[in-house]
Amino acid sequence: MATDTLAVQLSGIEKRFPGVIANHDVNLNVRAGTIHAIVGENGAGKSTLMKTLYGMHQPEAGTITVFGAPHVFKSPSDAIAAGIGMVHQHFMLADNLTVLENIVLGSEPAARGVVQYDEARRRLEAIMDQSGTHVDLDAPVSELGVGQRQRVEILKVLFRGAKVLILDEPTAVLVPQEVDELFSNLHRLVTDGATIIFISHKLDEVLTVSDDITVIRAGTTVAEVKPDAVTRSKLAELMVGSELPSPHGRTSEVGTTIRLSIDGLTLAGPGEKHVLDEVSFEIREGEVLGIAGVEGNGQFELCEAIIGLAKPMSGHITIDGTDVTHASPHERLIGGLSYIPFDRHREGLLLSAPLWENTLLGRDADEQFQKGPFIDAAAAKADSRSIIERFDVRTPSETVPAYALSGGNQQKLLVGRELSSHPRVLIAAHPTRGVDIGAQAAIWEKLRAARDAGLAVLLISADLEELIGLSDRILVMFDGRINARLTPAEATPELLGTYMTGGVQEVAS
Amino acid sequence: MSDESTVQRITNPKALKAPNAVLVTVASSLAAVLIALAIAGVLLAVTGYNPFEAYSKMLDAGLEKDKLLEALSRATPLMIAAVAVAIGFKMNLFNIGVEGQFLMGMFFAAIVGAYVDLPPVLHVTLLLVVAMTAGAAWAGIAAVLKVKKGVNEVIATIMLNAIALSVIDWLFQSKFRYEGESLDVKTKPLPESAWMPDMFDGRLTSFIFISLFVVLVFWLVVYKSKFGFRLRASGANAVAARTAGISSNRMIVTAMLMSGAVAGLAGLPYLLGESHAYGPSRPDGYGFNGIAVALLGRNHPAGIVVSAILWGFLDAVQGPLQIAKIPQSIVLVIKAIILLTVVIVNEVVGRRVAKRTADRTAAQLALPTAVAA
Ligand SMILES: Nc1ncnc2c1ncn2[C@@H]1O[C@H](COP(=O)(O)OP(=O)(O)OP(=O)(O)O)[C@@H](O)[C@H]1O
Ligand SMILES: [Mg+2]
């Protein structure tokens, strides 16, 4: 329960990377038994600060105090020993292991060198009951959706005995129901004596669930506020230092040409059930079709099928009038298709390669990058600089490796790359995942502009505000099927919530 | 949307240009070699030899033109083998099979070369093609196993090395033993039209130009071309590459075939320049030394050339050491320590450089003061 004891106190933290001061004179006080939110723009230094607290790197200056005792964390295992656990912005699970193996990995209870899985299972079941966080321990992680992966990460942290949980953007990937569930579990943990630090760009949820809020701007803590003492826009102003642009409606009309048509698409799953079952829809020129749904209901497979990475059992995919059901991904991409993938680290970026190679990926066949038989590196770099500037990617230069960007800035780079290939059809899976509210508004503007110029967009998003605000029509996916078709006007969060959890649409008209 | 203070804190890239990466790499590799020599020196001293004598012998030898030529000669096949390995590395494939691939290339070139009759340049060209084809075919087996059956290429290529030896021995013993007037058992000798000329009175094979050409092509193809970009992208993140329309299976097969084709050439300096026939006294260890040279040269063309020459030099000074009654195996020890130190030194230097850049940045920037809450 909330007390005035400080669970964590960071003072005067300084952390530098080549070319960037990520944290400077950061002070953070987290009261024991509270939920403490950290907010700030992309690249403000939030993840960096949390990695410092978790011992992943050492600060150049400053002190870390945990429950009154000063600590120097040389590695995460030191931090874990002090009762700190962290769930990262980008999950770190081994795909080919089961949930149980993943959780136990690195802290195996062993007797004479033999891992005691039964004991681990017993302890975990107790933890699951107590925290209300449930997941199938024997499922391979590769088969889990993001919501479940996150639960695995949280269980992993609890299994190691964490008293202080750090969650870096835990809700970025979740739909509202999952968010509610997560927060009710977190509240339960807090009641049991845990302390939670979480980072989020969703200011509404920050205001509703947190006890205290710390604002970080340009690497330093600029304010500590109570949620009842600020409003959303005041908070945004503290973060960004200026007012936010307000989104405006559409000025153009949906065209008549059909750009993307999906007809009776069925995709076999690992078991008996089909992961996609008779999915059909069309998207016209200048139209945004939104797909709502809890992740893991076939959205990912739908995207993979459209870009050609998954082979459908039956059905047809037509892009711009050409049947591409049997075309290779390359042919489809050349044909004007573009894809902002679900997981930027896994599917989108070459983390160790420089930014300019990242912006070149998938576009290297473009005329402008050819110089005889070779790649015109100078042109590619210039193009990359232009993407960095237009999409406001915060970075010292286009030659830094992609891992050096903050999560939100990586996302902006990716969106910039996909829009720069001048697609006619764009599949956008969570296009603003992890970007701050200012950048989100900017990306929405860019998407609207492209749509007004005739782009057909398939928008998949967990953010209902985004979905309702951008889409011309909304489909809800559940269990591999389309189980509702709505206009944005009739799509309220409540209604969408019902369909997303399997509610059946009344057959109207 | 951009925030003044953030922009200000992100520094001007020009002012901040990290210390020249090439220079740092060269300096740290040099340091690694020196450290390795020091450690090996201690080992020599402990085992009762005078390290200074040993090193001065090596140095003396190194200053002789003969030894330098020998070093270059020995470097000639190593460059090729290292390029073969590096092509694999760039695609995240570990081609342990260079050994088998080069033997295949060499053997088939010896056979085909002996039974055709062509004018000089054409003859050599044909044998280059034959060797590359044989090497590529042998590596292709591993590629197909990986793509179709998911067999790890390390295991496949190790097995293929063993199989290559048996296959060649069997073919040689049962079909292609040539009983000529000499007592050596060999395949039928190549006609002179298939010989690569010597330079410096037989002390350096002209094949070195082909080796250097291979390195140049490697650089152009892997580092400069669109294909190379796709190869490296696929090696760096196969899923992201696939999502961007690059078929990783196709890349695996292509990279493996290219690697094998290059590997197939590694035995030719010896075959075309020296032995002119295949026999049991064939060279060995190119595959494994190739891995070492590629690692030491960090898969970079210039690095590979320099490392191959260093390796060749260390091999070349074994003779003089033996004459001075210093165990030649010290050369092996030095090679091993160099590899280890290179890995360690590069890691340490990498971190230092990052830290120094960061400190310099901090000093350059006027730090904005924190706004009080
Ligand atoms: N490993 C690294 N090397 C170099 N620079 C880095 C590294 N990690 C982070 N940075 C830089 O430090 C700054 C802060 O990054 P950080 O990841 O902490 O931001 P963040 O507040 O978590 O942003 P986001 O909301 O986008 O996740 C950024 O400018 C980023 O480019
Ligand atoms: Mg972050």
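**Notebook: domains 1 and 3 of chain A, and ligand 1**

I began with the interface in this predicted model and looked up salt bridges between domain 1 of chain A and domain 3 of chain A, for which the count is 1. I then went to a salt bridge formed by side chains and found Arg394(A) and Glu41(A), which meet at 3.5 Å from N to O. For polar contacts across the interface of domain 1 of chain A and domain 3 of chain A, I noted 2 residue pairs, with both residues at pLDDT 80 or more. Sorting by class the side of domain 1 of chain A that touches domain 3 of chain A, I have 1 nonpolar, 5 polar and 1 charged residues.

To place these parts in the chain, I went back to the domain assignment of chain A, which gives domain 1 as 6-240, domain 2 as 255-336 + 423-509 and domain 3 as 356-422. The contact between domain 1 of chain A and domain 3 of chain A draws 7 residues from domain 1 and 8 residues from domain 3. Taken over C-alpha atoms, the centres of these two domains of chain A, 1 and 3, are 31 Å apart. I also looked up the area that domain 1 of chain A and domain 3 of chain A bury between them, which is about 490 Å², with 47% of it on carbon and sulfur atoms.

Next I turned to ligand 1, which has 21 residues around it, and those that come nearest are Lys46(A), Thr48(A), Ala404(A), Ser406(A) and Gly408(A). Thr48(A) has a side-chain N or O atom 2.5 Å from an oxygen atom of ligand 1, and for Ser47(A) I recorded a polar side-chain atom 2.7 Å from an oxygen atom of the ligand. With Gly407(A) the polar atom belongs to the backbone, and it lies 3.5 Å from an oxygen atom of ligand 1.

Last, I checked the confidence scores, and the model has ipTM 0.81 and pTM 0.83. Chain B averages a pLDDT of 83, and 88% of its residues score at least 70. Residues 1-18 of chain B have pLDDT below 50, and I noted 46 contacts in the model for this stretch beyond near neighbours in sequence. Over residues 364-373 of chain B the pLDDT likewise stays under 50, and there the model has 20 contacts beyond four places in sequence.

How values were computed. Residues are numbered from 1 along each chain as its sequence is written. Chains are lettered from A and ligands numbered from 1 in the order in which they are written. Side-chain values use heavy atoms; hydrogens and water are left out. Domain bounds come from an automatic or database domain assignment. Contact means heavy atoms within 4.5 Å. Buried area is the accessible area (1.4 Å probe) that two parts lose on being put together, summed over both. A salt bridge is a side-chain nitrogen of Lys or Arg within 4 Å of a carboxyl oxygen of Asp or Glu. A polar contact is a pair of N or O atoms within 3.5 Å; within protein, one must be able to donate a hydrogen and the other to accept it, and residues adjacent in sequence count only if both atoms are side-chain atoms. Ala, Val, Leu, Ile, Met, Phe, Trp, Tyr, Cys and Pro count as nonpolar, Asp, Glu, Lys and Arg as charged, and the others, Gly among them, as polar. pLDDT is the predictor's confidence in each residue, from 0 to 100. A residue is near a molecule or strand if one of its heavy atoms lies within 4 Å of it.
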